[in-house]
There are 2 protein chains.
Amino acid sequence: MSSVGLVKTKYYTFAHYPNELVLDSGQRLGAITLAYETYGALNEQKSNAILIFHALSGDAHAAGKHHPKDEKPGWWDSMIGPGKAFDTDRYFVICANTIGGCKGSTGPSSINPRTGRPYGLDFPVFTIRDIVRSQRALIDHLGIDRLLAVAGGSMAGMETLEWAITYPDRVKLSIPIATASAQSAQNIAFNDMGRRAIMADPRWRKGDYYGKEPPFDGLAVARMIGHVTYLSDATLTSKFGRKLENGDGYGFSLNPEFRVESYLKNKGEAFTRRFDANSYLYITRAIDYFDLSKEYGTLANAIGRARSRFLLLSFTSDWLYPPCKSEEILSALRRCGKQGVHKTIDSTYGHDAFLVEDAKITPTISRALEEAYCSVSSKG
Amino acid sequence: MSSVGLVKTKYYTFAHYPNELVLDSGQRLGAITLAYETYGALNEQKSNAILIFHALSGDAHAAGKHHPKDEKPGWWDSMIGPGKAFDTDRYFVICANTIGGCKGSTGPSSINPRTGRPYGLDFPVFTIRDIVRSQRALIDHLGIDRLLAVAGGSMAGMETLEWAITYPDRVKLSIPIATASAQSAQNIAFNDMGRRAIMADPRWRKGDYYGKEPPFDGLAVARMIGHVTYLSDATLTSKFGRKLENGDGYGFSLNPEFRVESYLKNKGEAFTRRFDANSYLYITRAIDYFDLSKEYGTLANAIGRARSRFLLLSFTSDWLYPPCKSEEILSALRRCGKQGVHKTIDSTYGHDAFLVEDAKITPTISRALEEAYCSVSSKG
């Protein structure tokens, strides 16, 4: 498969004083910078734009490479590029880092214009809808009236749903993947434990650790908790089982000995080198607050606002956002007479499947995009 | 249901120098004190004794009360007592606190006779088989040649299996509940995260915190992780769902707001008041080391050593030790022509079901014990 090649992250700054973005909390956030990337070309009618959202630890760099020597391409490179699911020969693909993040968009580690110091815990708590609002400003800036599609997995699936009901006239097709219409109690619990682990690290210093040693231990534990929930028991068993790091005999110590332990330790530690602990706190909070039906009484009332088609994808071994959660959304769509398809993909990769099973989901997504694009083109 | 009434914890000390217990690691542990309780009366033939093992956070106090004003009875009071599953009108029930524990048996917080100070990390790493070995000494001390049954859920189910293959002539019936023949990679991962959280707490001080402030924050996070794995998504949803502590509106803060968060916070904190962090490290390590087949090549080879009957119980919503793990044991039993029954109980309580679903498991256990007892009596 070919690649989008070398790409550059771009930046858009808006919501300057006194026109800050008013958040769900009533607090104001501005100025806001969004780091974003685009792949492919916007057509003349501006009818071929697809907005991709990223999951908790993702960023704007969804495809291609920044430098020829980069070891890895963007996080969804298997899905975005010429001839791929999000075909950059036909579509113009946009991906922006979330507010509250730490990959170029305004977040807790950014300078608070009021104090001249990093926000830390002065950063306002935001919601999935606030993320969507901020990205609408980017879509306006790019001069796009109506997106061909919004798409994403996990937290990004929530943003996809939120976009569809908050800006019903501004999207043709919504592709929420491996997600739910509301964060479950169990998933709130997992996020909460991660937050506790970070806050229990004395180096967290109530969020005021910039320029000092960050709460690496707490963040590593938080990531380990998250990471296990992204994998299936089957994946862990086939990848590691009960294999030991050294030989076949137990070391009879409390140190990591099983390969699964070293793997998670490495994953946790690597994460601390690329992610900000406060961003982890804020973004997981936004996920936990997500409840599409909250203001509308029922899920059908909420989803009834949408005017897009829906392609819902889920994976059999995903126990974090199991297929039944997508089925709930489909039922709500049906109850209000909306168009929707839910496809459950057979996979052993757990929640991570949405990042891995590109071959299995590409045909369905390609076809849905094509249908949406053709109907746009014929009307246009 | 009536109760066993007021009970007292007893203590048995053995393995004095130079006859310490030799552990699987090759290290020696002694003297060993086991805290234990007994309920009911041992019959003249000593043929009615049942050894109950406790799970990770349990203790010797399985039934009755220590003081009339105790708010709660022992941890398995619903199962042990006159007319209950483990009927103390007929059977003599024994439960001992594990070595490595912190409820009266010798563990990391006990005084190391070599140094006159608490063991801390000088306590030897032990295995499920070591736990079983130490309790065999207690059974010898009580003059019991052959147990009518061994029983327990979770880690205690592992001890039940281990007893059956390590002392095949010394048990008539094994009742492993909600357990597995080996700890899975996923479950090692969950335990590992708990250990990381404890060790990341600066107050842990490499285990040398006795007399100082213990690593409460780390232990609380470890307990929260464990606790979530004991519950089902259904239980968390029906108990808490997305309910907030205060009213219906979000607080837009990083503090716990959802009831499930406060619940877990309280559970975590309460646990630090009753459990020792080092014991948590050692006992979870023993669980992770558990692999019944390790020395025998296959599970069938291992379980083929047993001479007891087996009654395996599992619960539909238990995702920590799901029914398929018990089914694996049953298959191994069948492969070597052994007697075994596996019953999967319909329950929404997740792994905790073994502590909660007494009404559902009592008839099966009662009947199995009765059959075993009758066959003992008729032979005796």
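Trainee: Into which domains is chain A divided?
Mentor: In this predicted model, chain A has domain 1 (10–182 + 291–379) and domain 2 (187–285). Their centres, taken over C-alpha atoms, are 26 Å apart.

Trainee: What makes residues of the two domains count as touching?
Mentor: Their C-beta atoms have to lie within 7 Å. By that test, domain 1 of chain A puts 23 residues into the contact and domain 2 of chain A puts in 19. On the domain 1 side you'll find 11 nonpolar, 11 polar and 1 charged residues.

Trainee: Why is strand β11 of chain A called largely enclosed?
Mentor: A residue is buried if 20 or more other C-beta atoms lie within 10 Å of its own. For β11(A), residues 147–153, 7 of the 7 residues are buried, so the rest of the structure largely encloses the strand.

Trainee: What makes β11(A) and β5(A) a pair?
Mentor: You need at least two bridges. Here 3 bridges join them, and they run parallel. One of the partners is A:A151, which bridges to A:I52. β11(A) also pairs with β12(A), again in the parallel sense, over 6 bridges; there, A:A151 has A:I175 as its bridge partner.

Trainee: How do you know that the span of helix α3 of chain B agrees with what it should be?
Mentor: At 1.5 Å a residue, its 16 residues should span 22 Å, and the end C-alpha atoms are 22 Å apart, so that agrees. As for cover, 16 of the 16 residues of α3(B) are buried.

Trainee: How do you know that the two copies are related as by a two-fold axis?
Mentor: A turn of 180 degrees with a shift of 0.0 Å along the axis lays chain B on chain A, with an RMSD of 0.0 Å. The copies are therefore related as by a two-fold rotation axis.

Note on methods:
Residues are numbered from 1 along each chain as its sequence is written. Chains are lettered from A and ligands numbered from 1 in the order in which they are written. This is a predicted model: local features need pLDDT of at least 70, side-chain atom pairs count only at pLDDT 80 or more; totals for chains, interfaces and linings use all residues. Helices (H or I, at least four residues) and strands (E, at least two) are DSSP runs, numbered from the N terminus. The expected span of a helix is 1.5 Å times one less than its number of residues. A residue is buried if 20 or more other C-beta atoms lie within 10 Å of its own, exposed if 12 or fewer, and partly exposed in between; C-beta atoms are placed from the backbone. Copies are superposed by least squares on the C-alpha atoms of residues with pLDDT of at least 70 in both. Domain bounds come from an automatic or database domain assignment. Ala, Val, Leu, Ile, Met, Phe, Trp, Tyr, Cys and Pro count as nonpolar, Asp, Glu, Lys and Arg as charged, and the others, Gly among them, as polar.
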